[in-house]
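Work through these exercises with the sequence and the model side by side. Try each task before you read its solution.

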Amino acid sequence: MIKYRLTCKKCNNIFDSWFASSKEFEKLKKLKLINCNKCNSLKIDKSIMSPSVSSNKKINYERNNIKLKHIKSKIKEFQIYIKNNFENVGENFTYEARSIHYGEKESKKGIYGSATSKQIKELKEEGIETALIPWVNEKEN
Ligand SMILES: [Zn+2]
């Protein structure tokens, strides 16, 4: 069995197909039995698949990169939402959270900022619930 990557000259569709041999491929092509799975065009070109470990690794890396980019863009969307709807109190997060919790400060908006895991634990012990949100450095792509 041989796997060919087939390219449709008409619509540029690329698809993979298995053949018993290269001879069989030529035979089927002559008999006009190979057509594009998208537009049914018979103008099909083949290029042999050459799978190798390194190229597979590269593909995996690229896939993961795409996933990561996708996740990052989701986080960024979320960040924009947070920025528009919450007040950034930065390093004063624990102070501000306590002020709101104990009613010293009225806040119509929610707040966000940075806190250490120790600070978050302390807030929790006081009954102040916080939510951890993933954050992407804006300089990153
Ligand atoms: Zn096609």
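Helices (H or I, at least four residues) and strands (E, at least two) are DSSP runs, numbered from the N terminus. Residues are numbered from 1 along each chain as its sequence is written. The model is predicted: local features need pLDDT of at least 70, side-chain atom pairs count only at pLDDT 80 or more, and totals for chains, interfaces and linings use all residues.

**Exercise 1. Set out the secondary structure of the chain and its order.**

Step 1. Count the elements: there are four helices and five strands.
Step 2. Read along the sequence: the pattern is β-β-α-β-α-β-α-β-α.

**Exercise 2. Describe how strands E1 and E2 pair.**

Step 1. Apply the rule: two strands pair if DSSP finds at least two bridges between them.
Step 2. Strand E1 covers residues 2-8 and strand E2 residues 14-19; they run antiparallel and are joined by six bridges.
Step 3. Pick out one pair: tyrosine 4 has serine 17 in E2 as its bridge partner.
Step 4. Look at the link: five residues lie between the two strands of this hairpin, and asparagine 12 in the turn has a positive phi of about 65°.

**Exercise 3. Locate lysine 32 and asparagine 40, and classify each as buried or exposed.**

Step 1. Take the location of lysine 32: the loop between helix H1 (22-30) and strand E3 (44-48). Asparagine 40 sits in the loop between H1 and E3 too.
Step 2. Set the cut-offs. A residue is buried if 20 or more other C-beta atoms lie within 10 Å of its own, exposed if 12 or fewer, and partly exposed in between; C-beta atoms are placed from the backbone.
Step 3. Lysine 32 has 9 other C-beta atoms within 10 Å, so it is exposed. Asparagine 40 has 10 C-beta neighbours inside 10 Å, so it counts as exposed.
Step 4. Check the backbone. Most residues other than glycine have a negative phi. Lysine 32 is not a glycine, yet its phi is positive, about 60°. Asparagine 40 also has a positive phi, near 65°.

**Exercise 4. Which residues form the largest nonpolar core?**

Step 1. Define it: a nonpolar core is a set of buried Ala, Val, Leu, Ile, Met, Phe, Trp, Tyr and Cys residues joined through C-beta atoms within 7 Å.
Step 2. List the five members: Leu6, Cys8, Ile34, Cys36 and Ile44.
Step 3. Follow isoleucine 44. Two residues are in contact if their C-beta atoms, placed from the backbone, lie within 7 Å. Setting aside neighbours within four places in sequence, isoleucine 44 touches Leu6, Cys8, Lys29, Ile34, Asn35 and Cys36.
Step 4. Turn to the whole chain: 7% of its 141 residues count as buried.

**Exercise 5. In which sense do strands E4 and E5 pair, parallel or antiparallel?**

Step 1. E4 (residues 86-90) and E5 (residues 110-113) pair in the parallel sense, over four bridges.
Step 2. Phenylalanine 86 stands opposite glycine 110 in E5.
Step 3. Trace the connection: the chain crosses from E4 through helix H3 (residues 93-101) to E5 in a right-handed β-α-β crossover. Right-handed means that, with the strands pointing away from the viewer, the path from the first strand over the helix to the second runs clockwise.
Step 4. Glycine 90 belongs to strand E4. With 11 C-beta neighbours inside 10 Å, glycine 90 is exposed.

**Exercise 6. Why does helix H4 lie largely in the open?**

Step 1. H4 spans residues 117-125, nine in number, and zero of them are buried, so the helix lies largely in the open.
Step 2. Just after H4, glycine 127 has a positive phi of about 85°.
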